[in-house]
Structures are given as structure tokens and as C-alpha cells.
Amino acid sequence: MGDLLIFLGMFVLGSLFGSYMNVMIFRIPAQILADAGLWESQDEKVIRGNRSACRYCEAPIPGWLNIPIISWTLLGGKTQCCKKPLSLQYPLVEALVGFVFVLVYWKFPFIELVPTLDIVPRTSLQFLHAAAFSFLLIACSIIDYKHFLIPDVISIPMILVAPIVAYFHPNLGVYDSLFGILVGGGILWLVNFLYKLVKGHDGMGFGDVKLLAAIGGWLGVQAIIPTLITASVVGSVIGIMLILIQKRDYKLEVPFGPFLSLGALLHFFVGPDFWVSLFS
Ligand SMILES: [Zn+2]
């Protein structure tokens, strides 16, 4: 019973973070596009700083309408003030992050109920690392999926704090983290460099280069190859499926960030032998 309550608590905590992720997913790319003079939405405004105002009509949003999942459901997917559509993305992201927090806690249960209520320091550090890492990768993936960009305001701070995170993490080493940044960023930078040499233009964004550097920094250098294998295999399969379904040409653009993130998260949660276990 106690365990069930903790899992429920983790879902609620995750959905609150998911609610914040929805703000990031809207505001970060909106700001980047607005700064570049490319923000095209005539309806939705980029509201700096103010989280509790409607982005269509700027009416204040009462606190009770910021409850994850429940508010959207009660409102039937429309804003209360001006009845404009509220994307299904909001409750979906809130539920997804809630579910991910439950998974992370399941993997790193840092609360002990028996014999007394206790927090395990080692496991709580692992939980914090895994929750923050998953949160940031999911945010990058959704932004990349929607806008074909991986924001520097997420990837660069992730790279900068990675060695510190590794220092405090019970299973990670600072050198593994530093090599992870170098190898992760280096491999994709080299791929891009060679592609440019042959084709004359960039093959992928430098957002991917920085994202894989961040992944290497947060998981260690050992994670780079498994992450790249999963990302390439799943990315190619989905890319080919999209070409077949939509009968588009081969210039179809598929963002790589979500696949890099999927590869990193599978490696992290399932383990280094993910592909081996699939074929044995
Ligand atoms: Zn409104």
C-alpha cells in the first residue's frame, strides 16, 4: 500500500514537471524563432516570463487551471477565457513525464519504508540524475520533432554540468564523462565534416553534435556507441517507413534528436546489452 502511494506520488510529481516541460516546449523555440524573425504564428504570442497568462488573449489564468491532466480534461481542450483550442500535447506530455518518473523511481527506489521511513542517499542521487537526464532529453526530443532544432539553452548547460554530475554520481567517473563529451561530440562532428566534404553542405544540425556530447557527458563514454547504433537503426527504419507511407522523396527530413535520446535512454534503462538481448 505504501509503495503504491509512493508510485502515485511520483506520477503526480512527474506530471507537475511535465506541465513545466510544456512551457519549455512552447517558449524556448518560440523565443529562438522570434529572435531570428521567423516566428510565424499570428495567433499565439510569445509571452516573456509570464507563465500564468493566456497566450492567445493574455487573460490571467487562475491557479486551479494549472493542474496537470485534470485541467485540460475539465476544460475539454479549450481555453477558459477565449475558447481557443488547447493542444492535446499538454495532457500527453504531463502523463508521459509522470509515467517516466514512475519508471525512474521503479529503477532507483530511494525511499525505504521498512523498518522506518528512510531516504537512501546513494539511490536518491541516481534517481535525481536519471530523472533530470530523462526530462531534458524528452524536452529536446519534442522541440526537435516540432521545430527541427535542439536548443543550445538545454544542450550546452547539460555539457557544462556533466563532469560535476558525474563527480557526485555513485557509478560515474569524471574522466568517463569528459571522454564522453569529446567522443560524443567528436564522432558526429566528424560525420558532419566528411559529409560536407563530399556533398558540399551540412548533413545534420550542430544541435545533434551538442546533444550527443551531452549524452556522453551524462552517461560516460561507454554509452556513445550503443546510443548511436539504436539511433541509426530505429531512425533508418522509421525514415524508410515514412518514405513508403507518404510516398515522399528521399529528401524527407527526419529530426535525429529524438532517436539519439531514445538510444541513450534505452542504453541507460535497459542496459548495455540491449541489442544483444534482442537477438539471443
Ligand atoms: Zn485566452
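Helix 4 passes helix 9 in a left-handed crossing, and this pairing is a convenient place to begin reading the structure, which is a predicted model.

**The pairing of helix 4 and helix 9**

Helix 4 covers residues 121-147 and helix 9 covers residues 257-270, and the two pack with their axes 8 Å apart at an angle of about 160°. Because angles over 145 degrees count as roughly antiparallel, helix 4 and helix 9 are described as roughly antiparallel to each other. On the side of helix 4, the contact is made by His129, Ala130, Phe133, Ser134, Leu137, Ser141, Asp144 and Tyr145, while helix 9 contributes Gly257, Pro258, Ser261, Ala264, Leu265, Phe268 and Phe269. Sorted by class, the residues in this contact of helix 4 with helix 9 are nine nonpolar, five polar and one charged.

**Aromatic pairs**

Which kind of side chain forms 13 pairs in a search of the whole structure? The answer is the aromatic one, with 13 aromatic pairs found in that search. Two of these pairs that involve Tyr105 are set out below.

| Pair | Distance between ring centres | Angle between planes | Geometry |
|---|---|---|---|
| Tyr105 and Phe110 | 5.6 Å | 80° | edge-to-face |
| Tyr105 and Phe127 | 6.4 Å | 70° | edge-to-face |

The pair of Tyr105 and Phe127 links distant parts of the chain, since Tyr105 lies in helix 3 (residues 89-107) and Phe127 lies in helix 4, with their positions 22 residues apart in the numbering. Are these rings buried or exposed? Tyr105 has a relative accessible area of 3% and is buried, Phe110 counts as buried at 12% relative accessibility, and Phe127 counts as buried at 6%. Each of these assignments follows because buried means under 20% relative accessible area.

Tyr105, Phe110 and Phe127 also belong to a cluster that is linked by ring pairs, and its other members are Phe7, Phe17, Phe101 and Phe135.

**Leu136 in helix 4**

Helix 4 also holds Leu136, whose surroundings can be described in terms of its contacts and of one distance. When residues up to four places away in sequence are not counted, Leu136 touches Ile154, Met158 and Trp218. For Leu136 and Ala231, the separation is 95 residues in sequence and 17 Å in space, taken from C-alpha to C-alpha.

Read together, these descriptions return to helix 4, which packs with helix 9, holds Phe127 of the aromatic pair with Tyr105, and contains Leu136.

Definitions and conventions: Residues numbered from 1 in each chain as written. Heavy atoms only, no water. Axes fitted to C-alpha atoms, helices over the stretch in contact; angles between N-to-C directions. Helix = DSSP H or I, 4+ residues; strand = E, 2+ residues; numbered from the N terminus. Parallel < 35°, antiparallel > 145°, perpendicular 65-115°, else oblique. Left-handed = near helix turned anticlockwise from the far one by under 90°. Contact = heavy atoms within 4.5 Å. Nonpolar A, V, L, I, M, F, W, Y, C, P; charged D, E, K, R; others polar. Phe/Tyr/Trp six-rings, centres within 6.5 Å; stacked < 30°, edge-to-face > 60°. Buried < 20%, exposed > 50% of the residue type's maximum accessible area, 1.4 Å probe, protein only.
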